[in-house]
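Ready for some practice in reading a protein model? Work through the exercises below with the sequence and the structure side by side, and try each task before you read its solution.

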Amino acid sequence: MNATIKLENVKHFPVLLNEVISIISPLYGGTFIDCTFGQGGYSKKILENINNNIYAIDRDYTSIKTINIFKKKYQNRFKFENRKFSEISNLENIKDLKGIIFDLGYSTTQIKDPEKGLSFNSKGKLNMKMGLNNFSADDIVNKLGQKELTKIFKIFGEENNSSIISKRIISFRKNKNIQTENLVDIINSVKKKRFSKIHNATKVFQALRIIVNNEISELINGLINSFKILPVGGMLVIVTFHSIEDKIVKFFLKNYSENKNASRYLPSTVEKKNLFKLINKKPIIPSINEIKLNPASRS
């Protein structure tokens, strides 16, 4: 018997919702940019105050049903554009901007969507495109050479078995194209004796998703371009999920919140201006209760 998942019935929990809302303090009115609208968790909470406005962006346009609901309910208090992080400075007519939120994770709806192929349980052609893409995971796995695949898995997935996984991929695809379930089987064949709390394929899938969606460049350019539109006193909040993006965000915020020279080789007379004041010097992590409610928030 076949069963089809109804994505509109999939429950999604926005991570660190209460903590994010507490930090940006939307009680006094203003405009907030939600850089990953998704299922609208952060936006909905902010719009509970009738003096708040949301300018939402998302590269994934499959949330159109939720977007239309928001447009109808909140009317001119809600705007949406199908854009990437890097295009944030191209947004127009933003008045009284108070805060920008980057949620770098993926919604439960996206993960459960069989067409996107983000889940290890997906079947068929590899995809992982989130919208506004130039190529898919299928193009990478079935066309790139062993050296290129090894670099991708090692650098963007921090996968210790990247070399042997790449070698087996090349061997398998001599007979037929690799689909999602084939890739998972290949990874399991390499890591079958290794015990871990995470799925064997997690790191390889992460690497492919990062490359397909150009996530690192999008994050860096998104942060840089936030400066162009965020006024003095504005808040910048970033929710990260894996070590690569976490390191980028920490370096970025720390580097531009400390009054030190960008390089020890620069003359001492060359001063660097602080662009930020860190309100929380240590990352805020989900509570035990939140993790119980939404296990995906543990990362």
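**Exercise 1. Find which exposed residues sit on the face of H11 turned away from its buried side, then work out how the buried residues are arranged around the helix.**

Step 1. Start on the outside: the face of H11 turned away from its buried side carries the exposed residues Lys 247 and Phe 251. Here buried means under 20% relative accessible area, exposed means over 50%, and partly exposed is in between (1.4 Å probe, protein chains only). Helices (H or I, at least four residues) and strands (E, at least two) are DSSP runs, numbered from the N terminus. The model is a predicted one, in which local features need pLDDT of at least 70 and side-chain atom pairs count only at pLDDT 80 or more, while totals for chains, interfaces and linings use all residues. Residues are numbered from 1 along each chain as its sequence is written, and side-chain values use heavy atoms, with hydrogens and water left out.

Step 2. Now list the buried residues of H11: Ile 244, Glu 245, Ile 248, Val 249, Phe 252 and Leu 253. Looking down the axis of H11, you find them within an arc of 150 degrees, so they line one face of the helix. The arc is that of the directions from the helix axis to the C-beta atoms.

Step 3. Ask what they pack against: the partners of the buried residues of H11 are H6, H9, H10 and S5. Contact means heavy atoms within 4.5 Å.

Step 4. Check the span. H11 has 13 residues, which should span 18 Å at 1.5 Å a residue, and its end C-alpha atoms are 18 Å apart, so the two agree. The expected span is 1.5 Å times one less than the number of residues.

**Exercise 2. Describe H6 in the same way: which of its residues are buried, and what covers them?**

Step 1. H6 (residues 146–157) has 12 residues and reaches 15 Å from its first C-alpha to its last, close to the expected 16 Å.

Step 2. Its buried residues are Leu 149, Thr 150, Ile 152, Phe 153 and Gly 157. Seen down the axis of H6, these fall within an arc of 160 degrees, so they line one face of the helix.

Step 3. Turn to the face away from the buried side of H6, and you meet the exposed residues Lys 147, Lys 151, Lys 154 and Ile 155.

Step 4. The cover over the buried residues of H6 includes H5, helix H7 (162–172) and helix H9 (202–212). Within H7 lies Ser 163. Leaving aside its neighbours within four places in sequence, Ser 163 is in contact with Gln 146 and Thr 150. Ser 163 and Thr 150 are 13 residues apart in sequence, and their C-alpha atoms are 5.1 Å apart in space. Ser 163 counts as partly exposed because its relative accessibility is 42%.

**Exercise 3. Which residues of H10 are buried, and which elements do they pack against?**

Step 1. The buried residues in H10 are Glu 215, Ile 216, Glu 218, Leu 219, Gly 222, Leu 223, Asn 225 and Ser 226.

Step 2. They pack against strand S4 (97–103), H6, H9, S5 and H11.

**Exercise 4. Find the residues other than glycine that have a positive phi in two loops, and say where they lie.**

Step 1. Ser 25 is not a glycine, yet has a positive phi of about 45 degrees. Ser 25 is found in the loop between helix H1 (17–24) and strand S1 (30–34). With a relative accessible area of 37%, Ser 25 is partly exposed.

Step 2. Leu 132 also has a positive phi, near 60 degrees. Leu 132 lies in the loop between helix H4 (108–112) and helix H5 (137–143). Its relative accessibility is 39%, so Leu 132 counts as partly exposed.

**Exercise 5. How do the contacts and buried residues look over the chain?**

Step 1. The secondary structure of the chain comes to 12 helices and five strands.

Step 2. Of the 299 residues in the chain, 45% are buried.

Step 3. Among contacts with a separation of 6 or more, residues 24 or more positions apart account for 64%.
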